[in-house]
Amino acid sequence: MDELDASIVRLLQSDARVSNRELARRLGVAPSTALERVRALTRRGVIRGYGADVDLASLGRRAEALVSVQLRQHQRATYEAFRETVGSWPEVVTLFVVSGSSDIVIHVAVQDAERLHAFLVDRLGTRPEVARFQTSMVFQRHHNRVLEPMPAEG
């Protein structure tokens, strides 16, 4: 990834709705160059899509938590089945397969503490593959929206 590609990625992360003409103007290149570079970044999988950053509280999801889950069995089929099922639940924002004392970390966002408790006890806690879980409430969240490429080692 050269500096022009990195600049395109940086600008699109901060404003994915910028027009191709405006993108080209900001970069100091021809619109055809900007368009071809964006298409190439998309083909290479660097740009995977575009989306809206939505405020969870505005969607009625005022209670957030990170739930660390330890599974009973550590087999690929168990991980995949759990990830597919639980990852599709509407309360789940993000599901991570991790290393360490937990196997899975789930970012959950629901209406309130009562709904969070119901989610944990009635849904997650009844899954046969769950050995135990630990919940941490999220009080504040900061998400870095613009990521820079990391320098190559060497």
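So, is Ala6 buried or exposed? Keep in mind that what we have here is a predicted model. Ala6 comes out at 7% relative accessibility, so it counts as buried, since buried means under 20%.

Where does Ala6 sit? You'll find Ala6 in helix H1, which covers residues 3-14. And who does Ala6 touch, once we skip the neighbours within four places in sequence? Met1 and Pro149 are in contact with it. There's also Leu41: Ala6 and Leu41 are 35 residues apart in sequence, and from C-alpha to C-alpha they are 9.9 Å apart in space.

Okay, on to the aromatic rings. How many aromatic pairs does the structure hold? Just one. Quick reminder: to describe a pair of aromatic rings, you give the distance of the centres and the angle of the planes. Here the pair is Trp89 and Phe119, with ring centres 5.7 Å apart and planes at 85°, so we call it edge-to-face; the cut-off for that is over 60 degrees.

Now look at where those two come from. Trp89 is in the loop between helix H4 (76-87) and strand S2 (92-97), while Phe119 belongs to helix H5 (residues 113-124), so the pair ties together parts that are 30 residues apart in sequence.

Are these two buried or exposed? Trp89 has 10% relative accessibility, so Trp89 counts as buried. Phe119 is buried as well, with a relative accessible area of 2%.

One last thing about Trp89: the charged end of Arg123 sits over its ring, 4.1 Å from the ring's centre. So if you're clicking around the model, try finding Trp89, Phe119 and Arg123 together.

Terms used:
Residues are numbered from 1 along each chain as its sequence is written. This is a predicted model: local features need pLDDT of at least 70, side-chain atom pairs count only at pLDDT 80 or more; totals for chains, interfaces and linings use all residues. Side-chain values use heavy atoms; hydrogens and water are left out. Helices (H or I, at least four residues) and strands (E, at least two) are DSSP runs, numbered from the N terminus. Buried means under 20% relative accessible area, exposed over 50%, partly exposed in between (1.4 Å probe, protein chains only). Contact means heavy atoms within 4.5 Å. Rings of Phe, Tyr and Trp (its six-membered ring) pair if their centres lie within 6.5 Å; planes under 30 degrees apart count as stacked, over 60 as edge-to-face and the rest as tilted. A charge sits over a ring if NZ of Lys or CZ of Arg is within 6 Å of the ring centre and within 35 degrees of the ring normal.
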